[in-house]
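User: Please take a close look at one part of this model, the place where its domains meet. I would like one connected account, with the cut-offs for each term.

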Amino acid sequence: MVMFIRAEIERLGGEYRFETRVEGFDMDGEGTERRLRGLRLSTGETLPAERVILAVGHSARDTFEMLRDAQVEMDAKPFSIGVRIEHPQSVIDVARFGASAGHEMLGAADYKLVHHASNGRAVYSFCMCPGGQVVAATSEEGQVVTNGMSQYSRAERNANSGIVVEVKPELDFPDDVLGGVAFQRKWEKAAFVAGGSNYNAPAQRVGDFLAGRPSTSLGAVVPSYQPGVTPTDLTQCLPAFVTDAIREALPQFERKLRGFSMEDAVMTGVETRTSSPIRLRRDRDGQSPTLRGLFPAGEGAGYAGGILSAGIDGIRAAEWLAASL
Ligand SMILES: Cc1cc2nc3c(=O)[nH]c(=O)nc-3n(C[C@H](O)[C@H](O)[C@H](O)COP(=O)(O)OP(=O)(O)OC[C@H]3O[C@@H](n4cnc5c(N)ncnc54)[C@H](O)[C@@H]3O)c2cc1C
């Protein structure tokens, strides 16, 4: 499908520049009159451009720094961090469908869970992947980040989901607009070390996590993360407010979904890229208040979380851009 979208954009006159990064802006004017005139590219070229939709995704940390240095207005935004949890899909199917579990018309069951912890943080399931796998999602060297995905068939042995806890900029990094990036990096590096510094992810059995002891081996649930996992103590690579909140939430989730806190369920860390750690400000006409002609959009700009909402925000940005012509 992506191939067809690309072909259609090219047929309409669009051009793709692969392996090319926007590294700076040509601008003129001052303050609220400052205008975009061009894009400086990593190839050394400058592309004349007076209107640009900037949709760089939530992990474009180098670009966030460039935007901050160019005084494009932004705010630190809440996001969440935690772990991926894996159960046998059959356990989730029985908890959700009872005696009908396994019926071909039902397929693999999913779930959504939330708990408000006594430390004031919400704990919730994120990006639940029925019959899926836990995947490596770091974008920088020496760090480990988890994510999850399902194939169309949803037929892998395990169900997985992020179990994540709210991070609040005003409490956790109040003085730095890019403090969320530093916070993510700190725990992603700690996960790399806890995993053995070889891109294995650190993992812990739920039974061990709840008992407050490190895992030295895994049990019946075989984790899907590649290249592999290292049984360890996940408190080494997550803040205490996160592990405390998850420890409180798991027994609550068990009450809603029997088997959820089973001893051998595996938690793999760390899940840090749930959404963008920043929001680029935009005026009512969709443009940056400090750089006219720049239309921040999508997940990286802080206006979407997931494929659909990013797409919808892209349409909105395109409409704003068209209205400005
Ligand atoms: C493993 C995985 C599974 C996922 N599964 C789901 C799912 O099932 N459902 C769902 O809704 N969402 C899912 N997501 C999230 C989804 O992919 C994102 O929410 C969505 O892609 C965000 O779209 P976007 O266009 O805002 O940003 P992106 O898709 O991240 O696109 C940003 C693009 O900008 C490029 N870029 C960055 N900086 C620059 C620069 N300076 N110059 C030029 N280009 C630059 C990046 O290389 C990238 O190609 C998943 C994500 C991952 C990693």
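Analyst: The domain assignment of the protein splits the chain into domain 1 (2-76 + 279-324) and domain 2 (79-271); such bounds come from an automatic or database domain assignment. This is a predicted model, in which local features need pLDDT of at least 70 and side-chain atom pairs count only at pLDDT 80 or more, while totals for chains, interfaces and linings use all residues. Residues are numbered from 1 along each chain as its sequence is written, and side-chain values use heavy atoms, with hydrogens and water left out.

A UniProt record, an unreviewed entry, lists residues 78-274 as "domain: FAD-dependent protein C-terminal". UniProt positions are given in the numbering used here, feature names are shortened, and annotations may be inferred rather than shown by experiment. Over residues 78-274 the chain is 26% helix and 28% strand, and the C-alpha atoms at the two ends are 10 Å apart. Helices (H or I, at least four residues) and strands (E, at least two) are DSSP runs, numbered from the N terminus.

Between the C-alpha centres of domain 1 and domain 2 the distance is 32 Å. In the interface, 8 residues of domain 1 are in contact (heavy atoms within 4.5 Å) with 12 residues of domain 2. The size of an interface is often given as the accessible area lost when the parts come together. Here domain 1 and domain 2 bury about 830 Å² between them, and 59% of that is on carbon and sulfur atoms; buried area is the accessible area (1.4 Å probe) that two parts lose on being put together, summed over both.

Side chains of opposite charge can pair when their charged atoms come close. Between domain 1 and domain 2 there are 3 salt bridges, each a side-chain nitrogen of Lys or Arg within 4 Å of a carboxyl oxygen of Asp or Glu. R185 forms a salt bridge with E65, with the closest N and O atoms 3.9 Å apart. The interface also has 3 residue pairs in polar contact, both residues at pLDDT 80 or more. A polar contact is a pair of N or O atoms within 3.5 Å; within protein, one must be able to donate a hydrogen and the other to accept it, and residues adjacent in sequence count only if both atoms are side-chain atoms.

On the side of domain 1 that touches domain 2, helix 2 (61-69) and strand 5 (74-76) each supply at least two residues. Helix 2 gives the largest share, 4 residues. By type, the residues of this side of domain 1 are 3 nonpolar, 1 polar and 4 charged. Ala, Val, Leu, Ile, Met, Phe, Trp, Tyr, Cys and Pro count as nonpolar, Asp, Glu, Lys and Arg as charged, and the others, Gly among them, as polar.

The loop between helix 2 and strand 5 holds Q71, which has a positive phi of about 55° although it is not a glycine. Most residues other than glycine have a negative phi, and most peptide bonds are trans. A cis peptide bond runs from G269 to V270, with omega near -5°, and V270 is in strand 13 (residues 266-271). Another cis bond joins Q226 to P227, with omega near 15°; P227 lies in the loop between helix 6 (206-211) and strand 12 (229-231).
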